[in-house]
Amino acid sequence: MFKNLIGNNVAKTQLERLLATDRVPGSMLFAGPEGVGKKQFAYELARAFVCTDVSDIGPCGKCLACVRIVEIVPPKSEKGEEYDRVFFGSHADVGLVSPYKRNIRVGSIRALEQEANFRPFEGRARLFIIDNADRMNDSAANALLKTLEEPSPTTYIILVTAQPDKLLQTIRSRSQTIRFGPVEPKEIEQLLIDSHGASTADAALAAWASGGNVARALTFDPEQYAEARGKMLKIIEHACLRNDLAGMLLIGEELNDARNKDLFEEHLSILETLSRDIWLLAYGTGPENLINRDIDERLRQLAHRVPSDRPAAWLETIETMRQNFAVNINRKIATDELLVKMAA
């Protein structure tokens, strides 16, 4: 089972053991970083409950019930009321609760409560996925508690989140947690080569740059990444070689331009990986530990020109910057402050 999914072997073993002993709890919390396959594991678990030819090794993946379970994509709508329901795909026993913008509406949880009381239509159980479960407000969370306190024996609820600490403790205590982690770069690299026809060089760069995030690796654009990384390298070169704050601030203006707002997070992540690599090189690490290993010589030159405590300080400032974004700090002011500290 789960043979088509890469990484997270510990989670695979836990889920397989629960299925084999028929001890799958009614509520489970799939917790881990974004893009590591939590929802895909949930859909695969759903197949185990609806497969018409299930065996000791799990669902067949070939019967009509199995093939009808695919990722459910809610229709795009600007009307919040459209999200006050459970979304279904091609199988009536597998549903999805999805956030409207930044919140899961209480209406969608109440709809889930109703659906959870129905017996399975085709399979031996029904399974519901609550995506980004940490986005439930207090009303939605309290509505979910009612369902968790009075579970149906043929209903399973999986809460998927990258931020489990934001969930109510009472919800966490009623759900068995399965923890997921980043996928090993070598596994992602092999997936990109075998299943998506990527070249060895592009696959390796995507795997390491993704930080274990399979979803990010699958949408990796080598040209776009190279362009963005070139800008971030210029910032570091201005800081290390020329002490050119004006040049750094000029690039900062470009990053904060309205036309580039969707790329800001990507640029910041790349700046973070470059700073990390330079920090590691300053302490004598080998290229095998680098994310940007394809430009290790260029980074090594920079590492020789900067005290090891400076890239460490850059990383700390970037992390603080990310935390401040959660409270809606002005992005331009935060960027300028970062660049000033990097130039110091």
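# A tour of the sheet, its helices and the spaces around them

Select strand 1 and strand 5 to begin: these two strands pair in the parallel sense over five bridges. Keep in mind as you explore that you are looking at a predicted model.

**Stop 1: a pair of strands**

Zoom in on Ser27, and you will find it opposite Ile157 in strand 5. Strands of a sheet pair through backbone hydrogen bonds, either parallel or antiparallel.

Now add strand 4, residues 126-130, to your selection. Strand 4 also pairs with strand 5 (residues 155-161), again in the parallel sense and over five bridges. Two places let you see this pairing residue by residue: Arg126 has Thr155 as its bridge partner in strand 5, and Leu127 stands opposite Tyr156.

Next, select helix 5, residues 138-149. Helix 5 packs on the sheet and touches strand 1, strand 4 and strand 5. Compare directions, and you will see that helix 5 makes about 140 degrees with strand 5.

**Stop 2: strand 5 by itself**

Hide the neighbours for a moment and show the side chains of strand 5. Are its residues buried or exposed? Seven of its seven residues are buried, so to speak of strand 5 as mostly covered is fair.

Look along the strand and sort the side chains by direction. Thr155, Ile157, Leu159 and Thr161 point one way, while Tyr156, Ile158 and Val160 point the other way. Residues of both groups are buried.

**Stop 3: the whole sheet**

Bring back the other strands. In what order do the six strands lie? They form an open sheet in the order 2-3-4-5-1-6, with mixed pairing. Strand 2 (87-88) and strand 6 (176-179) stand at the edges with a single partner strand each, so one side of each has no neighbour in the sheet.

While strand 6 is in view, select helix 1, residues 9-20. Helix 1 lies across strand 1 (27-31) and strand 6, and runs at about 145 degrees to strand 6.

**Stop 4: the largest pocket**

Switch on a surface view and look for the largest pocket, which has a volume of about 2000 Å³. Of the 44 residues lining this pocket, the closest to its centre are Glu34, Arg216, Glu265, Ser269 and Arg322, so those five are good ones to label.

To see the walls, colour helix 8 (200-209), helix 9 (214-218), helix 10, helix 12 and helix 14 (309-325); these are the elements that give two or more residues to the lining. Which helix gives the most? Helix 12 does, with eight residues. By class, the lining of the largest pocket divides into 15 nonpolar, 13 polar and 16 charged residues.

**Stop 5: the second largest pocket**

Move on to the second largest pocket, where about 490 Å³ of space lies. Its lining counts 22 residues, and the closest to its centre are Gly35, Gly37, Gln40, Val214 and Ala215.

Strand 5 from earlier in the tour turns up again here: helix 2 (38-50), strand 5, helix 7 (185-196) and helix 9 each supply at least two lining residues. The largest share, four residues, comes from helix 2. The lining of this second pocket has ten nonpolar, seven polar and five charged residues.

**Stop 6: the cavities**

Rolling a probe the size of a water molecule over the atoms shows where empty space is left. How many cavities of 30 Å³ or more does the structure hold? There are two.

The largest cavity has about 70 Å³ of space. To find it, select Met232, Ile235, Leu255, Phe264, His267, Leu268, Leu271, Met321, Thr335, Leu338 and Leu339, which line it. Helix 10 (222-242), helix 12 (264-282) and helix 15 (331-343) each supply at least two of the lining residues, and helix 12 gives the most, with four. The lining of the largest cavity holds nine nonpolar, two polar and no charged residues.

For the second largest cavity, with about 40 Å³ of space, select Tyr43, Arg68, Ile69, Val70, Ile72, Gly89, Ser90, His91 and Val94. The lining of this second cavity divides into five nonpolar, three polar and one charged.

**Last stop: Gln114**

Finish by clicking on Gln114 in helix 4, residues 106-115. Gln114 has a relative accessible area of 56% and is exposed, because the cut-off for exposed is over 50%. Then draw a distance from the C-alpha atom of Gln114 to that of Leu64: the two are 50 residues apart along the chain, and their C-alpha atoms are separated by 27 Å.

Methods: Residues are numbered from 1 along each chain as its sequence is written. This is a predicted model: local features need pLDDT of at least 70, side-chain atom pairs count only at pLDDT 80 or more; totals for chains, interfaces and linings use all residues. Side-chain values use heavy atoms; hydrogens and water are left out. On a 1 Å grid over the protein atoms alone, a cavity is a set of points where a 1.4 Å probe fits but cannot get out, and a pocket is an open set with protein on both sides within 12 Å along at least five of seven lines; lining residues have an atom within 4 Å of a point. Grid points are joined across faces, edges and corners, and a volume is the space filled by probe spheres set on the points. Ala, Val, Leu, Ile, Met, Phe, Trp, Tyr, Cys and Pro count as nonpolar, Asp, Glu, Lys and Arg as charged, and the others, Gly among them, as polar. Two strands pair if DSSP finds at least two bridges between them. Contact means heavy atoms within 4.5 Å. Axes are lines fitted to C-alpha atoms, for helices over the stretch in contact, and angles run from 0 to 180 degrees between N-to-C directions. Buried means under 20% relative accessible area, exposed over 50%, partly exposed in between (1.4 Å probe, protein chains only).
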